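Reader: I am new to this structure and would like to learn how to read its features. May we go through them in turn?

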Amino acid sequence: MRTEVATLPGNPERPNEDWVAAALAAHGGGGTVVVLDGVTPPAGDDGCVHDVPWFTARLGGALTELSASRPDMTLSGILALAIRRTADAHRGTCDLSHVRTPQATVAMARWNATSVEHLVLSDAALLLEAPDGSVRAVLDDRLDRIPDEIRRFLAATDRLRNQEGGFFTAAADPEVARRAVTGTTPRAAVRALAALTDGATRWVDLFAEGDWADCFGVLRKEGPHGLLARVRAREAADEAAGGAFRWKRHDDATAAYAVL
């Protein structure tokens with residue numbers, strides 16, 4: 001088994017709000033990968049004295065520790081407990097009921113000798129490669145279902161944030177863990193896997209440079225750094241050509257790749 005991770009800030013003058021970790025069991029029987037994409041808040045009050053990197057580091061750290069040390073818990077149970085721990089760390093100083101309290105998207109996987117578990121919440125992506133080379137993308141498409149005419153307006157988007165009929169992120173309510181996309185695959189059916197933030201999935205879903213199988217092929221041949229370099233090159237080419245982005249011209253981008 002081996003793992004590789006890479007992350008690039010969208011703007012070198014701003015902190016990277018993504019977070020990534022990979023851990024392998026010393027005896028070689030399993031491992032875990034955790035990728036978070038912190039949600040950049042709009043200018044103004046979000047009810048919290050902490051920034052997004054503070055939040056993603058604590059949530060990501062809790063997810064990594066729990067997924068590695070608590071094989072008796074499901075990934076959704078681990079996410080709920082990690083959210084609760086993180087909320088408890090700033091409950092006394094911050095308004096956790098604020099709709100824009102620090103939050104993040106999540107993609108994580110955990111494997112042992114017999115199975116591979118996965119969890120995805122919001123617009124991160126998890127890719128599972130089978131022994132025959134086919135690739136399955138595990139996605140939470142609820143944010144994509146919201147029309148652009150709604151997502152252009154913060155107040156309209158906020159009304160759908162962590163609400164039934166809208167979309168869900170890991171913020172301060174542990175109950176959101178029940179909304180995550182989860183599943184288990186036999187270990188023999190997974191040769192490798194990858195977890196990506198939406199800054200990395202741009203190669204597929206924004207620039208249409210290839211499909212998910214093509215994206216996995218880049219990871220296999222060039223590693224996470226290669227995929228992120230391709231994203232940045234495509235962004236630069238689009239900018240030079242006067243292209244228009246729906247959201248950020250450059251985004252924090254993170255990829256984790258694991259060969260099982």
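Author: The following dialogue takes up the cores, a helix, two side chains, the backbone and a pocket. Please note that this is a predicted model.

Reader: Let us begin with the interior. Which residues touch the most other members in the largest nonpolar core?

Author: A nonpolar core is a set of buried nonpolar residues joined through their side chains. In this structure the largest such core has 25 residues, and Leu59, Leu63, Leu79, Val106 and Leu121 touch the most other members. At least two residues come from each of β3 (31–38), α1 (52–69), α2 (75–90), β4 (104–111) and β5 (115–121). Apart from this core lies another, of 20 residues, which include Ala192, Ala200, Trp203 and Leu219.

Reader: With which residues is Leu121 in contact, leaving aside its neighbours within four places in sequence?

Author: Beyond those neighbours, the contacts of Leu121 include Leu79, Val106, Phe168, Val176 and Ala180. Asp140, Arg142 and Arg179 are also among them.

Reader: How many residues of helix α5 are buried?

Author: A residue counts as buried when its relative accessible area is under 20%. Helix α5 spans residues 198–205, and six of its eight residues are buried, so the helix is largely enclosed by the rest of the structure. The buried ones are Gly199, Ala200, Thr201, Arg202, Trp203 and Val204. They pack against β6, β9 (192–196), α6 and β10 (253–259).

Reader: Is Ser67 buried or exposed?

Author: Ser67 belongs to helix α1 and is buried, because its relative accessibility is 3%. One should then look for polar partners. The side chain of Ser67 makes a polar contact of 2.9 Å with the side chain of Thr32. A polar atom of the Ser67 side chain also lies 2.7 Å from the backbone oxygen of Leu63. Leaving aside neighbours within four places in sequence, Ser67 is in contact with Thr32, Val34, Ile78, Met108 and Arg110.

Reader: Which helix holds Arg232, and is this residue buried or exposed?

Author: Arg232 is in helix α6, residues 212–240. This arginine counts as buried because its relative accessible area is 18%, and the cut-off is 20%. The backbone oxygen of Pro9 lies 3.0 Å from a polar atom of the Arg232 side chain. Again leaving aside neighbours within four places in sequence, Arg232 is in contact with Leu8, Pro9, Gly10, His250, Asp251, Asp252 and Ala253.

Reader: I should now like to read the backbone. What is the phi of Ser122, and where does this residue lie?

Author: Most residues other than glycine have a negative phi. Ser122, although not a glycine, has a positive phi of about 70°. Ser122 lies in the loop between β5 and β6 (125–129), and its 3% relative accessibility makes it buried. Asn162 likewise has a positive phi, near 55°. Its place is the loop between α4 (154–158) and β8 (181–186). At 26% relative accessibility, Asn162 is partly exposed.

Reader: Finally, how many residues line the second largest pocket, and which lie nearest its centre?

Author: Rolling a probe the size of a water molecule over the atoms shows where empty space is left. Here the second largest pocket holds about 270 Å³ of space. Its lining has 19 residues, and those nearest the centre are Arg161, Asn162, Gln163, Ala171 and Asp173. By class, the lining consists of six nonpolar, seven polar and six charged residues. Asn162 therefore appears in two readings: it has a positive phi, and it is one of the residues nearest the pocket centre.

Notes:
Residues are numbered from 1 along each chain as its sequence is written. This is a predicted model: local features need pLDDT of at least 70, side-chain atom pairs count only at pLDDT 80 or more; totals for chains, interfaces and linings use all residues. Side-chain values use heavy atoms; hydrogens and water are left out. A nonpolar core is a set of buried Ala, Val, Leu, Ile, Met, Phe, Trp, Tyr and Cys residues joined through side-chain atoms within 4.5 Å. Buried means under 20% relative accessible area, exposed over 50%, partly exposed in between (1.4 Å probe, protein chains only). Helices (H or I, at least four residues) and strands (E, at least two) are DSSP runs, numbered from the N terminus. Contact means heavy atoms within 4.5 Å. On a 1 Å grid over the protein atoms alone, a cavity is a set of points where a 1.4 Å probe fits but cannot get out, and a pocket is an open set with protein on both sides within 12 Å along at least five of seven lines; lining residues have an atom within 4 Å of a point. Grid points are joined across faces, edges and corners, and a volume is the space filled by probe spheres set on the points. Ala, Val, Leu, Ile, Met, Phe, Trp, Tyr, Cys and Pro count as nonpolar, Asp, Glu, Lys and Arg as charged, and the others, Gly among them, as polar. A polar contact is a pair of N or O atoms within 3.5 Å; within protein, one must be able to donate a hydrogen and the other to accept it, and residues adjacent in sequence count only if both atoms are side-chain atoms.
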